[in-house]
Amino acid sequence: MRQELRILMVDDHPMTVRGYQMILEQTMAEKISTIDTAFNCDAAYDKITSSKNKPYHLVFLDINLPPAKNHRILDGEDLGILLRKDFPDTKIIILTMLSDNYRINSILKTINPNGFSIKSKLTPKTLQDSVATVLMGNCYYCEVVNNLVRKQVSNQITLDSFDRKILYHLSLGEKMKNLPHFVPLSLPTIERRKRRLKQLFDVKEGDKSLIKKAKEKGFI
């Protein structure tokens, strides 16, 4: 008998999503009732928020996604935070190209995903294994992520949604005086956060150096 397993796949590469679909349909079709897809933050947000009466059991999340048009949801991390808040029973598997230790550590803290794999290391078998493990109530982290967890990286960098929005709008060339129009914080609070960000990233120069370092570590 077919189980009512509802899945959402969020990735901005349709061919990648189709590949994931084919693997799951070939190996566990009898357990799946729905596989929905979304290729940007707007589409993913709409599908997630409209599923309250019938929440997804499992959501695959890429991190680097086109931001929502209103810029309230900047990437897959914001979507993961939303899921954790409004749908705590939904299992989340992160599938990303990001490999920077500090960025991975930040995602582990903000989302606490049930699964986490680096795309360059992903195979059909590891995808199947991750789904099976997560649906059984356990966590599945790929070797790269497991090594990071074991080492417990020092000088950890964890940014909240306000920090990432400040970096995002600075990267678009917005002036500091205009940021309160985009980030719901006062200008003095935003300035304090920017100083803290420079300390975290060990940046002593101007905003361009801060943005460059944040991009290198995958936060923008």
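# Chat about strands, a loop and cysteines

Student: In which sense do β3 and strand β4 pair?

Tutor: β3 and strand β4 (residues 91–96) pair in the parallel sense, over four bridges; strands count as paired if DSSP finds at least two bridges between them. Strands (E, at least two residues) and helices (H or I, at least four) are DSSP runs, numbered from the N terminus. Bear in mind that this is a predicted model, in which local features need pLDDT of at least 70 and side-chain atom pairs count only at pLDDT 80 or more, while totals for chains, interfaces and linings use all residues. Residues are numbered from 1 along each chain as its sequence is written, and side-chain values use heavy atoms, with hydrogens and water left out.

Student: OK, and what stands opposite phenylalanine 60 in β4?

Tutor: Isoleucine 93 stands opposite phenylalanine 60 there, while methionine 9 has phenylalanine 60 as its bridge partner in β3. Strand β1 (residues 5–10) also pairs with β3 in the parallel sense, again over four bridges.

Student: Are the faces of β3 covered or open?

Tutor: Both faces of β3 (residues 58–61) are covered, with Leu58 and Phe60 buried on one side and Val59 and Leu61 buried on the other. Buried means under 20% relative accessible area, exposed means over 50%, and partly exposed lies in between (1.4 Å probe, protein chains only).

Student: New topic: where is proline 55, and what does it touch?

Tutor: Proline 55 lies in the loop between α2 (41–49) and β3, and counts as partly exposed because its relative accessibility is 34%. Not counting residues up to four places away in sequence, proline 55 touches Arg6, Phe87 and Thr90, where contact means heavy atoms within 4.5 Å.

Student: Is that arginine 6 buried or exposed?

Tutor: Arginine 6, found in strand β1, is buried yet has no salt bridge, that is, no side-chain nitrogen of Lys or Arg within 4 Å of a carboxyl oxygen of Asp or Glu. The nearest side chain of opposite charge is aspartate 36, at 4.6 Å; Lys and Arg count as positive and Asp and Glu as negative, with His and the chain ends not counted.

Student: Last one: how many disulfides are there?

Tutor: A search of the whole structure finds zero, taking a disulfide as a pair of cysteine sulfur atoms within 2.5 Å.

Student: Why is cysteine 139 without a bond?

Tutor: The closest cysteine sulfur, in cysteine 142, is 13 Å from the sulfur of cysteine 139, so the two are too far apart for a bond. Cysteine 142 is itself buried, with a relative accessible area of 9%.
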